[in-house]
Each structure stands twice: as C-alpha cells, then as structure tokens.
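Dear colleague,

I am passing on the structure we spoke about, so that you can open it and follow along as you read. Please look at it at your own pace before you turn to the notes below.

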Amino acid sequence: KGELRMQSLTFDDAGMYQCIAENTHGIIYANAELKIVASPPTFELNPMKKKILAAKGGRVIIECKPKAAPKPKFSWSKGTELLVNGSRIRIWDDGSLEIINITKLDEGRYTCFAENNRGKANSTGVLEMTEATKITLAPLNVDVTVGENATMQCIASHDPTLDLTFIWSLNGFVIDFEKEHEHYERNVMV
C-alpha cells in the first residue's frame, strides 16, 4: 500500500521522510516531516472551569483536558478524598469525570490530576448543585375548529439563581416567534 508504519517512536525518529514511487514511465517524490512531541501536562491553555453547576438528581461531566504528550494518566479528588469508579462516579479515558444522581453531598472542590513520563499538573473547580428545572403544568391536547385561536400553557419551576427560557417547537422544529409573529404569539406570565 505504500505505507510506512513506526512504533514506539523516539526523538531519533524525527526528521524528513521521503517516499519515492517509480514505474516504467518515471519516478515521483513526496516529502513529509515527522516531529516528535513530548511535554509534561499543562492546564495553561485549557484550565478546568472554576464553577461547575449541576442539577439536583441530574448528571454532570467535568472536563479535564490538559495539553500533554504522551497522553497522561488521570486521577481525581474531591477535597482530600481520592475518587474511584463506582455506581455514581466514573472517570473516562479522556480524563473527564462523570457524576450521576447529583445530591447536595456532591458539592465541593474537585481536582483533576494529570501525569505522564514528563511531569504532572492539576486543575481545580467547584461543583455547585442547583434545583432541577421541572415542568409543573404541561401543555394539554387541544381540539379547535379551523380558523379559531388556540392557547397552550407551560409552567415550570427552577432554581432562583438561574434564568429560565421557554422554547416551543412544532413537530420537532423550534418556533421562531419573530419570523412567525402573524401566526404565533408568546405571552409570558410572571
């Protein structure tokens, strides 16, 4: 196939590589440079979010994406407690931490540790729980005669520290109230 495969690369493998293809009609060359990258983990370009919000009873994924070569090994702590995979907590291969069925006890300081053969680094963020958004009055089925008006209600409860936005859709397509103002009207009750 004309492939060159290398395994267990070292710095000695870095350099310019040339492929030569030849047949009875002639010869052609192509060049490529191979750079070997090696660096300790660093969070300078992509630090962990300082504040992470998660809904009560919900799920959160806290990303840990340091720059590192080779790929680092990851570990996590909450405060001084080292975290391990369990029924509610999972550390993904890419370093992300997933927590399901969030409770108030999950709030706190989370630290991601990344380590490879070049060094180690860590980054910390604070997880805060918010009350889950719930629909308290869902729209009901409505039968109307052609040409009449129809009104549908939707009421929700939410965490008072967060803003709430209602999005209406028809058959899976979001309704644009500005473009379709002649047909749809949004009434917001406070």
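The notes below go through what was found, beginning with the overall division of the chain and ending with a pocket.

Please keep in mind throughout that this is a predicted model. The chain is divided into two parts, domain 1, which covers residues 40-130, and domain 2, which covers residues 132-189. The centres of domain 1 and domain 2, taken over C-alpha atoms, are separated by 37 Å.

A good place to begin is strand 4, which runs over residues 51-55 and has a covered face made of Ile52 and Ala54, while Lys51, Leu53 and Ala55 make up its uncovered face. In a regular strand, side chains alternate between the two faces of the sheet. Strand 4 also has a partner, since it pairs with strand 12 (residues 119-130) in the parallel sense, over five bridges. If you look for Ala55, you will find that it stands opposite Thr130 in strand 12.

Turning to the cysteines, the count comes to one disulfide, which joins Cys64 to Cys112 with an S to S distance of 1.9 Å. The torsion about the S-S bond of Cys64 and Cys112 is about -75 degrees, and therefore the disulfide is left-handed. This pair links distant parts of the chain, 48 residues apart, with Cys64 in the loop between strand 5 (59-62) and strand 6 (67-69) and Cys112 in strand 11 (residues 108-116). Both Cys64 and Cys112 are buried, whereas Cys19 is partly exposed, with a relative accessible area of 43%.

For the aromatic rings, the count comes to one pair. The ring centres of Phe177 and Tyr184 are 6.3 Å apart and their planes stand at 75 degrees, so the pair is edge-to-face. Phe177 counts as buried because its relative accessibility is 16%, and the cut-off for buried is under 20%. Tyr184, with a relative accessible area of 22%, is partly exposed.

Finally, where is the space in the largest pocket lined by protein, and which residues lie nearest its centre? The largest pocket holds about 1100 Å³ of space, and its lining consists of 29 residues, of which Met152, Trp168, Glu185, Arg186 and Asn187 lie nearest the centre. Strand 14 (155-157) and strand 15 (169-170) each supply at least two residues of that lining.

With best wishes

Notes. Residues are numbered from 1 along each chain as its sequence is written. This is a predicted model: local features need pLDDT of at least 70, side-chain atom pairs count only at pLDDT 80 or more; totals for chains, interfaces and linings use all residues. Side-chain values use heavy atoms; hydrogens and water are left out. Buried means under 20% relative accessible area, exposed over 50%, partly exposed in between (1.4 Å probe, protein chains only). Helices (H or I, at least four residues) and strands (E, at least two) are DSSP runs, numbered from the N terminus. Two strands pair if DSSP finds at least two bridges between them. Rings of Phe, Tyr and Trp (its six-membered ring) pair if their centres lie within 6.5 Å; planes under 30 degrees apart count as stacked, over 60 as edge-to-face and the rest as tilted. A disulfide is a pair of cysteine sulfur atoms within 2.5 Å. Domain bounds come from an automatic or database domain assignment. On a 1 Å grid over the protein atoms alone, a cavity is a set of points where a 1.4 Å probe fits but cannot get out, and a pocket is an open set with protein on both sides within 12 Å along at least five of seven lines; lining residues have an atom within 4 Å of a point. Grid points are joined across faces, edges and corners, and a volume is the space filled by probe spheres set on the points.
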